[in-house]
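Below is a short note for a colleague who has not yet looked at this structure. The points are numbered and can be read alongside the sequence and the 3D view.

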Amino acid sequence: MRSLIEFCKGSSLSIKEYINEQLNIYEGGNAVTANPIPAFITPLIYQDIEESIKKYNNKIKIVPLGSIGKKKDDDFNGDLDVAIDITDRDQLVSMLEEIWPDNEINKFVTPSIVSMSYPYNKEGKSGNAQVDFMMTKNIDWAKFRYSSPDLKNGESKYKAAAKVLLMRCIIAAIPVKDAKDEYFEDGTTVKKKWKYTFNTEGVFKQLLDYTGKKGPLKNPKRPKEFQELVTNDPENVMKFAFGDKADIKDFNSVEALWKALHTKWQYSKEALGNAEKSFYEDYIFDKNPEVKMDPKDFPCEIYKPEEI
């Protein structure tokens with residue numbers, strides 16, 4: 001795992017967001033007693049859980065996230081990730097305890113996740129599945145943001161995290177209109193600048209403040225009071241990057257997103273080069289990558305990676 005400094009440099013994430021990402025649904029964890037789940041039975045386990053919750057209260061919205069039903073049959077899932085439109089932790093825990101009184105529950109996995117151990121016996125396979133319930137106000141956004149390529153049918157060579165990394169670079173490369181950077185006295189070192197970010201809750205316009213007590217900061221402060229929501233609607237996010245040519249399917253995989261970047265981009269060539277450069281230097285060339293990616297799969301139009 002990269003250090004906080006390494007990861008946050010040049011990325012759209014604050015240190016707090018980085019910590020949340022490292023604990024997020026892309027990582028199969030050990031928050032409760034559980035074992036790897038045969039991929040081919042994950043839809044059956046999810047179906048049982050959904051039916052039990054709907055029977056308890058059919059107004060509750062719940063959707064599968066990540067790679068449930070999308071991995072090859074002989075593969076395994078570390079956990080099952082589920083979004084649920086309950087945002088009160090005590091309410092969620094109370095419901096889980098009422099439906100499954102004998103199941104182990106971990107209430108404090110992350111600020112937005114409660115985990116439960118779920119015993120299963122399906123298709124000749126038995127064990128305990130870790131089910132991570134992600135609390136959210138926006139089910140549609142969660143389903144979009146934490147979607148996975150269909151690995152079972154070869155939609156991508158790479159797991160879902162890869163397309164999220166690329167989307168961060170794409171959104172960050174979009175120029176902020178009517179925003180002027182402020183510089184320190186040397187006239188070249190940035191003091192304050194506005195930037196778009198793609199994070200766990202949507203696309204935001206964020207002020208980056210490099211002002212430090214002893215000089216410019218290497219990693220800027222991101223004051224919450226200078227963070228503005230641009231959109232958390234999936235279709236509008238795609239239109240924000242690609243205009244009227246946008247298609248929600250462009251976010252199905254990192255390969256599809258890379259293609260969209262080079263066929264539907266609606267901003268300048270310089271901004272395109274910035275997106276390419278950021279993706280390569282922050283992620284592909286990283287010595288300890290979150291996702292190991294082959295540069296041959298991502299040919300550049302502006303940026304010249306061979307010159308590095």
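1. A good place to start is helix α7, which lies across strands β9, β10 and β11 and runs at about 95° to β11. That angle falls in the range of 65 to 115 degrees, so the helix counts as roughly perpendicular to the strand. Please keep in mind that this is a predicted model.

2. A second helix is placed against the strands as well. Helix α6 lies across β9 (190-199) and β10, and its direction is at about 135° to β9. Both β9 and β10 are therefore contacted by α6, and both are also among the strands that α7 lies across.

3. What is the order of the strands in the open sheet? The order is β8-β9-β10-β11, four strands with antiparallel pairing. At the edges are β8 (182-183) and β11 (227-231), each of which pairs on one side only. In general, strands of a sheet pair through backbone hydrogen bonds, in either a parallel or an antiparallel sense.

4. One pairing in this sheet can be followed in detail. Strand β10 (residues 202-209) is joined to β11 by four bridges in the antiparallel sense. To find the register, look for V203, which has T231 of β11 opposite it.

5. Helix α6 (residues 160-173) also packs against another helix, α8 (residues 254-263). In general, a packed pair of helices is described by the angle between the axes and the distance between them. Here the axes come within 8 Å and cross at roughly 25°. The helices α6 and α8 are therefore roughly parallel to each other, since angles under 35 degrees are counted that way.

6. Which residues make the contact between α6 and α8? From α6 they are A162, K163, L166, M167 and I170, and from α8 they are V254, L257, W258 and L261. By type, the contact has eight nonpolar residues, no polar ones and one charged.

7. A separate set of strands comes earlier in the chain. Strand β5 (residues 105-110) and β6 run antiparallel and are joined by three bridges. They form a hairpin with two residues between them, and T110 has I113 of β6 as its bridge partner.

8. Strand β6 (residues 113-122) pairs on with β7 (residues 125-135), antiparallel, over ten bridges. I113 stands opposite M134 in β7, so this residue of β6 has a partner in β5 and another in β7. The hairpin of β6 and β7 also has two residues between its strands, and E123 there takes a positive phi near 50°.

9. Is β6 mostly covered or mostly open? Seven of its ten residues are buried, and the strand is mostly covered.

10. How many salt bridges does the structure hold? There are five; three are described here. In general, side chains of opposite charge can pair when their charged atoms come close.

11. D73 forms a salt bridge with K152, with the closest N and O atoms 3.2 Å apart. D73 is in the loop between β2 (62-64) and β3 (76-77), while K152 is in the loop between α5 (139-145) and α6, so the pair ties together parts that lie 79 residues apart in sequence. D73 counts as partly exposed because its relative accessibility is 42%, and K152 counts as partly exposed at 38%.

12. The side chains of D297 and K157 also meet in a salt bridge, at 2.8 Å from N to O. This pair links distant parts of the chain, 140 residues apart: D297 is in the segment after α9 (269-284), and K157 is in the loop between α5 and α6. D297 is partly exposed at a relative accessible area of 26%, whereas K157 is exposed at 58%.

13. A further salt bridge joins K264 and D250, at 2.9 Å from N to O. K264 lies in the loop between α8 and α9 and D250 in the loop between α7 (234-242) and α8, so the parts tied together are 14 residues apart in sequence. D250 is buried, with a relative accessible area of 10%.

14. Some totals for the whole chain close the note. The chain has nine helices and eleven strands. Of its 308 residues, 47% are buried. Among contacts between residues at least 6 apart in sequence, 60% join residues at least 24 apart.

Terms used:
Residues numbered from 1 in each chain as written. Predicted model: local features only at pLDDT ≥ 70, side-chain atom pairs only at ≥ 80, totals over all residues. Heavy atoms only, no water. Axes fitted to C-alpha atoms, helices over the stretch in contact; angles between N-to-C directions. Parallel < 35°, antiparallel > 145°, perpendicular 65-115°, else oblique. Contact = heavy atoms within 4.5 Å. Nonpolar A, V, L, I, M, F, W, Y, C, P; charged D, E, K, R; others polar. Salt bridge = Lys/Arg side-chain N within 4 Å of Asp/Glu carboxyl O. Buried < 20%, exposed > 50% of the residue type's maximum accessible area, 1.4 Å probe, protein only.
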